[in-house]
Amino acid sequence: MTTISAQSLDLTFHTGDGPVQALSDITLDVAEGEFVSFIGPSGCGKTTFLRCVAALETPTGGTLTVKGMTPDEARKARAYGYVFQAAGLYPWRTIGKNITLPLEIMGYSKSERQERMRRVLKLVELEKFANKYPWQLSGGMQQRASIARALSFDAEILLMDEPFGALDEIVRDRLNEELLALWKRTNKTTLFVTHSIPEAVYLSTKIVVMSPRPGRIADVIDSPLPRDRPLDIRDTPEFLAVAHRVREGLREGMEAA
Ligand SMILES: Nc1ncnc2c1ncn2[C@@H]1O[C@H](COP(=O)(O)OP(=O)(O)OP(=O)(O)O)[C@@H](O)[C@H]1O
């Protein structure tokens, strides 16, 4: 079943310096349970596309549906959770209270909030940290807490905008493995923005390679890799072949721009 469908999507920002075309003719279908990465140079519209899905931007052309609804209807139906590059946790609230905050706003009862908070902290293996404050956690743990918060209200779609961009490579590798395991357990449809070719290839069932000015799709790669992916799959010829195709797509996109 198609969860997200973009048909000939355009978005032009009108700025003081004239129009900026951020997205041009984006046509893409994302099936339920897929893990889709968006990769491309800075300014190619990756974040803008996610923001359109989240109803934070309004396209100026084309159509976009989320679970058969307009993005705004999907937002009201709480179809997605959003994870940003910075974990965005409130420093004065404990990890547990950061996670229950959106649930409180949504009107869940106290016992339901506690139950959900415990469940999602367990999913990201932070169950012992509910009473700690964000500054008592490492950057990677904070990002996991932020993922737990996005999962807490059972959104079917997870939107992740470079969630591991600020982390060192070893932590990032571990979080990639954990995210993959989490995705397999929860089967969430995931849209994931990254600048890293290995990260995109390791995580995704589909890789969308974008090119800049205006942001267009240069290539869409359906990954031939199995869903079970130990980290050392990155040394296999199949993995390297996909990585090569992504690199080619990025290069061709840059040359055409
Ligand atoms: N609110 C806005 N007003 C005007 N221009 C904008 C706005 N938001 C984004 N843009 C422009 O739209 C283009 C796409 O931006 P976007 O942030 O989506 O790119 P990106 O691929 O996510 O980049 P990065 O990898 O650096 O995060 C850029 O040229 C950006 O300057």
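In this predicted model, strands β6 (residues 157-161) and β7 run parallel and are joined by 5 bridges. Within that pairing, Met160 stands opposite Phe192 of β7. The connection between the two strands passes through helix α6 (residues 169-186), and β6, α6 and β7 together make a right-handed β-α-β unit.

Strand β7 also pairs with β3 (residues 35-39), again in the parallel sense and over 5 bridges. Here Ser37 is the residue that stands opposite Phe192. Phe192 therefore has Met160 opposite it in one pairing and Ser37 opposite it in the other.

The next point is how β7 is covered. The strand spans residues 189-194, and 6 of its 6 residues are buried. In a regular strand the side chains alternate between the two faces of the sheet. For β7, one side carries Thr189, Leu191 and Val193, while the other carries Thr190, Phe192 and Thr194. The residues on both sides are all buried, so both faces of the strand are covered.

The remaining topic is the ligand. It is surrounded by 13 residues, and the closest are Phe13, Ala22, Ser42, Thr47 and Thr48. Three elements, β1 (2-15), β2 (18-31) and α1 (46-53), each supply at least two residues of this shell. Helix α1 gives the most, with 3 residues. Sorted by class, the shell around the ligand holds 8 polar, 4 nonpolar and 1 charged residues.

Technical notes. Residues are numbered from 1 along each chain as its sequence is written. This is a predicted model: local features need pLDDT of at least 70, side-chain atom pairs count only at pLDDT 80 or more; totals for chains, interfaces and linings use all residues. A residue is near a molecule or strand if its C-beta atom, placed from the backbone, lies within 6 Å of it. Helices (H or I, at least four residues) and strands (E, at least two) are DSSP runs, numbered from the N terminus. Ala, Val, Leu, Ile, Met, Phe, Trp, Tyr, Cys and Pro count as nonpolar, Asp, Glu, Lys and Arg as charged, and the others, Gly among them, as polar. A residue is buried if 20 or more other C-beta atoms lie within 10 Å of its own, exposed if 12 or fewer, and partly exposed in between; C-beta atoms are placed from the backbone. Two strands pair if DSSP finds at least two bridges between them. A crossover is right-handed if, with the strands pointing away from the viewer, the path from the first strand over the helix to the second runs clockwise.
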